[in-house]
Amino acid sequence: MSTKALRLGTRRSKLAMAQSGQVADAVRRVTGRPVELVEITTYGDASREHLTQIGGTGVFVTALRDALAKGEVDFAVHSLKDLPTAQPEDLVLAAVPEREDPRDVIVARDALKFADLAASSPRGVARIGTGSPRRAAQLNAYARVHGLDIRTVPIRGNIDTRIRYVHDGELDAVVLAAAGLSRIGRLDEVTDFLSVDTVLPAPGQGALAIECAADDAALIDALGELDDPFTRVAVTAERSLLAALEAGCSAPVGALADLPPLSAPFERGTHRADGQIVNEMRLRGVVGTTDGSRMVQLSTTGPVPETHDGAMALGRELAAEMLAQGAAGLMGEQAQ
């Protein structure tokens, strides 16, 4: 490969720039080439509408992919959960690096835990901000079962904007992704980590996708040094489930493929232990109405898939079971 600088396409947000900067450092190490960040504004960044109104799927991705197609950048970094499940033929996911903590977290007033929010709210009901129908569905379902009085409030904005709602007293709490806060060094603001038994994350949450042109074999090979096989097979299964449900990334669908021998330390927020032999993968999926009144939640456990096709099959099989239990009827409902 040449010594010419590689151009990395990235969204302009603080989080996107942080995670792209981390990837740039890794690419410099494996290629020995300089990497420059090319900032690109996507439709999702420019629009002030809620993601459920503008479709969600691809709104943070299309402009980056257009820049790749035009040769304006050499590769791009995406939050994997933002990627449509259909992969363009002229582009390839050259690497899926090791995943960060996939869980959702609460940032609440007075350092409160989720379970304590409603009881201590001066309004008598805890107002929790989220722009995600998936989060709203599962939080409302948990609240119904446990007798918690909450109201999910649709919000948009970057991390600073969302946390400001809490600091200004407009909301009792907001829900964010642990991975995003980790990448910008703000995990200390988290007041509660939500167990995946309470809220399953979005398919691919916590993972990054490094994408480049499918005909650039040398770059694909170099970027492949950053690929984590366990992360790739897990997110492939999750995204296969999402695709088989024919749902987009703004649908109220949660999914997580994890490795049971390693899940306990991961649940505690620590990195998975090195050196353990992993033989099984567990895939969990959930679909629900945003008010939490109806949910379909299933799981399956089997050998860790050894191929892309095996991971795809696992996702499709669980999706078929969920559809048989009525999942399709729950995905078209939006928050009121």
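This report describes two helices, a pocket and three individual residues of a predicted model.

**Confidence**

The average pLDDT over the chain is 87, and 86% of the residues score at least 70. Residues 50–56 stay under a pLDDT of 50, and the model has 19 contacts beyond four places in sequence for this stretch. Where pLDDT is low, the predicted coordinates should not be read in detail.

**Helix H12**

Helix H12 comprises the 17 residues 308–324. At 1.5 Å a residue, H12 should span 24 Å, and its end C-alpha atoms are 25 Å apart, which agrees with that expectation. Six names make up its buried set: Ala311, Leu314, Gly315, Leu318, Ala319 and Met322. These residues cover an arc of only 125° around the axis, and therefore lie on the same side of H12. An α-helix has 3.6 residues a turn, so residues three or four places apart point the same way. The partners against which the buried residues of H12 pack are helix H10 (229–244), strand S12 (280–288) and strand S13 (295–303). On the face turned away from the buried side, H12 carries the exposed residues Asp309 and Ala324. Glycine 326 follows H12 and has a positive phi, near 100°.

**The second largest pocket**

H12 also contributes to the second largest pocket: strand S4 (91–95), H10 and H12 each supply at least two residues of its lining. The volume of this pocket is about 370 Å³. Its lining consists of 17 residues, and those nearest the pocket centre are Leu93, Thr236, Arg239, His308 and Met312. H10 provides the largest share of the lining, with seven residues.

**Helix H4**

In helix H4, which covers residues 62–69, the buried residues are Leu64, Arg65, Ala67 and Leu68. Viewed down the axis of H4, they fall within an arc of 155°, so they line one face of the helix. The buried residues of H4 pack against strand S1 (6–11), strand S2 (35–40), S3, S4 and strand S10 (208–213). After H4 comes glycine 71, with a positive phi near 75°.

**Individual residues**

Three residues, each placed in a helix or strand, are listed below with their relative accessible areas.

| Residue | Relative accessible area |
|---|---|
| Serine 79 | 16% |
| Phenylalanine 114 | 3% |
| Methionine 17 | 23% |

Serine 79 belongs to strand S3 (residues 75–79). Serine 79 counts as buried because its relative accessible area of 16% falls under the 20% cut-off. Beyond four places in sequence, serine 79 is in contact with Gln19, Ala207 and Leu208.

Phenylalanine 114 is located in helix H5 (residues 114–120) and is buried, at 3% relative accessible area. Outside its neighbours within four places in sequence, the contacts of phenylalanine 114 are Ile106, Ile128, Leu139, Tyr142, Leu148, Ile150, Asp192 and Leu194. Phenylalanine 114 is separated from valine 175 by 61 residues in sequence and by 9.9 Å in space, C-alpha to C-alpha.

Methionine 17 is found in helix H1 (residues 14–31). With a relative accessibility of 23%, methionine 17 is classed as partly exposed. Not counting residues up to four places away in sequence, methionine 17 touches Thr10, Arg11, Arg12, Leu37 and Glu39. The C-alpha atoms of methionine 17 and valine 38 are 9.7 Å apart, and the two residues are 21 residues apart in sequence.

Terms used: Residues numbered from 1 in each chain as written. Predicted model: local features only at pLDDT ≥ 70, side-chain atom pairs only at ≥ 80, totals over all residues. Heavy atoms only, no water. Helix = DSSP H or I, 4+ residues; strand = E, 2+ residues; numbered from the N terminus. Expected span 1.5 Å × (residues − 1). Buried < 20%, exposed > 50% of the residue type's maximum accessible area, 1.4 Å probe, protein only. Arc of directions from axis to C-beta. Contact = heavy atoms within 4.5 Å. pLDDT = per-residue confidence, 0-100. 1 Å grid on protein atoms, 1.4 Å probe; cavity = no way out; pocket = protein on both sides within 12 Å on 5 of 7 lines; lining within 4 Å. Points joined across faces, edges and corners; volume = space filled by probe spheres on them.
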